[in-house]
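Thank you all for making time for this. I would like to walk you through a structure that is new to most of us, beginning in the middle of it and working outwards.

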Amino acid sequence: MEFQDRNAGEEEFSQAIIENLFLLKDGSVVMGCHVVCGTVHRGDRFYYVDCVGRECFAVTVADIAVPKVGSVEKVSAGEENARQAAIKVAERVIGKVHPGHMLQSEPEEVIYKEAPGWDAITACFEKRYPNQKIPAHFGCYASYKPDEMGPLDGISVYNGGDYFHFVTYGLSELYEKQNGNPERSGYGFELTLKLKKEGLENPALEVRHICSLLQMIAGITVNNGHQFTPGQFLAMGQQRGLDAASKSAITGFITKEDDIGTVESPFGKVQLVQLIGVKAEEIEQMKNKTMTPAQLAEILKDGLTDYKR
């Protein structure tokens, strides 16, 4: 297929947030997108960008489909189907593209060709999960605020068998040393969470929802400077469950050190602080000091966030 750089020389800038990925039998990838500005045409050359300066490469829009209509020549921001555009690309990009990143009509400069801090975290998880070199990954637009960048550069999700194991990237220094403390990388920690698979009615939705929660919790640190350490509890300020359907009894979290431990990054230490979902009555006990987070963590020994508990 020949592509056309339709927007070259034109003022219109087109951009779509990748929200879902679908792998077809022929090995090609369809991206479920929200077109947020401009227009995407079949045959256009677009650029896949990760929005944090690490990745940018060209792709060809092989086809576009929208609900109730099927294949279309183009889709524009503001149209009824702009939030549900299925964009198929001609190139084989499986493992190279992720939800929460962008397709856009103009390239972006690759600022960081290396990410030593990021790689140090990944190496620890690859040691735990040696057969998962390409885990599920969600970019900075997989956020609790639709169409807005979250504070994290990304979140990876490993398959732990009975659970999904999440780890954040962005609270520590990923690309270069910036703070003046050689012993600590960035804020000195990243967040993790283990979500129990059993009882999940829609695992894909719940995984995406946890990513949104992690973006929101990371915002507490980025916006207010709060330091998460083991032995704390976090009341999320709501009575409804934290699952996607708000049906569970889980309304907050306690923290402990993830059993993977502390990452020795080139930029300093990164403690992996694990969040464990807890019930409203347990939060009240901790507020009233009739139970400590450490005591509750001992009761919840498996460390899993269990929506059916």
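Let me start with strand β12, where seven of the seven residues are buried, so this strand is largely enclosed by the rest of the structure. Please keep in mind throughout that what you see is a predicted model. Which residues of β12 point one way, and which the other? On one side we find Tyr163, His165, Val167 and Tyr169, while Phe164, Phe166 and Thr168 point the other way, and every one of these residues is buried. As general background, side chains in a regular strand alternate between the two faces of the sheet.

Now for the neighbours of this strand. β12, which covers residues 163-169, is joined by five bridges to β13, residues 184-196, and these two strands run antiparallel. Within that pairing, His165 has Lys194 of β13 as its bridge partner, and Phe166 has Leu193 of β13. Turning to β11, we see that it pairs with β12 over six bridges, again in the antiparallel sense, and that Ser156 stands opposite Val167 of β12. β11 and β12 form a hairpin with three residues between the strands, and in that hairpin Gly161 takes a positive phi near 90°.

If we step back, these strands belong to an open sheet of seven, with mixed pairing, and the order is β10-β11-β12-β13-β16-β15-β14. Why do β10 and β14 each have one side without a neighbour in the sheet? The reason is that β10 (136-139) and β14 (233-235) stand at the edges and have a single partner strand each, so one side of each is left without a neighbour there. Ignoring direction, neighbouring strands in this sheet are turned by 25° against each other on average.

Two helices deserve mention alongside the sheet. Helix α2, residues 203-224, packs on the sheet and touches β10, β11, β12, β13, β14, β15 and β16, and its direction makes about 150° with that of β13. Helix α3, residues 280-287, lies across β14, β15 and β16, running at about 115° to β16.

Let me move on to the open spaces, starting with the largest pocket, which has a volume of about 570 Å³. It is lined by 25 residues, and those nearest its centre are Pro99, Ala136, Phe138, Ala204 and Val207. Which element gives the most to this lining? That is α2, the helix we have just seen packing on the sheet, with six residues of the lining, while β1, β10, β11 and α2 each supply at least two. By class, the lining of this largest pocket has 14 nonpolar, nine polar and two charged residues.

The second largest pocket holds about 490 Å³ of space. Of the 24 residues that line it, Arg54, Glu55, His98, Trp118 and His137 are the closest to its centre. Here α1, residues 116-128, gives the most, with four residues, and both α1 and β11 supply at least two. The lining of this second pocket divides into nine nonpolar, six polar and nine charged residues.

There is also one cavity of 30 Å³ or more by the rule used here, and the largest cavity has a volume of about 30 Å³. Among the residues that line it are Cys51, Arg54, Glu55 and Glu108, and by class its lining has five nonpolar, one polar and five charged residues.

Before I finish, I would like to point out a few individual residues. Most residues other than glycine have a negative phi. Ser246, however, has a positive phi of about 60° although it is not a glycine; it is found in the loop between β14 and β15, and it is partly exposed, with a relative accessible area of 26%. Lys289 also takes a positive phi, near 60°, and this residue lies in the loop between α3 and α4. Is Lys289 buried or exposed? With a relative accessible area of 74%, Lys289 is exposed.

The last residue on my list is Ile299, which has its place in helix α4, residues 293-299. Ile299 is exposed, with a relative accessible area of 56%, and its C-alpha atom is separated by 23 Å from that of Lys247, which is 52 residues apart from Ile299 along the chain.

Conventions. Residues are numbered from 1 along each chain as its sequence is written. This is a predicted model: local features need pLDDT of at least 70, side-chain atom pairs count only at pLDDT 80 or more; totals for chains, interfaces and linings use all residues. Side-chain values use heavy atoms; hydrogens and water are left out. Two strands pair if DSSP finds at least two bridges between them. Axes are lines fitted to C-alpha atoms, for helices over the stretch in contact, and angles run from 0 to 180 degrees between N-to-C directions. Contact means heavy atoms within 4.5 Å. On a 1 Å grid over the protein atoms alone, a cavity is a set of points where a 1.4 Å probe fits but cannot get out, and a pocket is an open set with protein on both sides within 12 Å along at least five of seven lines; lining residues have an atom within 4 Å of a point. Grid points are joined across faces, edges and corners, and a volume is the space filled by probe spheres set on the points. Ala, Val, Leu, Ile, Met, Phe, Trp, Tyr, Cys and Pro count as nonpolar, Asp, Glu, Lys and Arg as charged, and the others, Gly among them, as polar. Buried means under 20% relative accessible area, exposed over 50%, partly exposed in between (1.4 Å probe, protein chains only).
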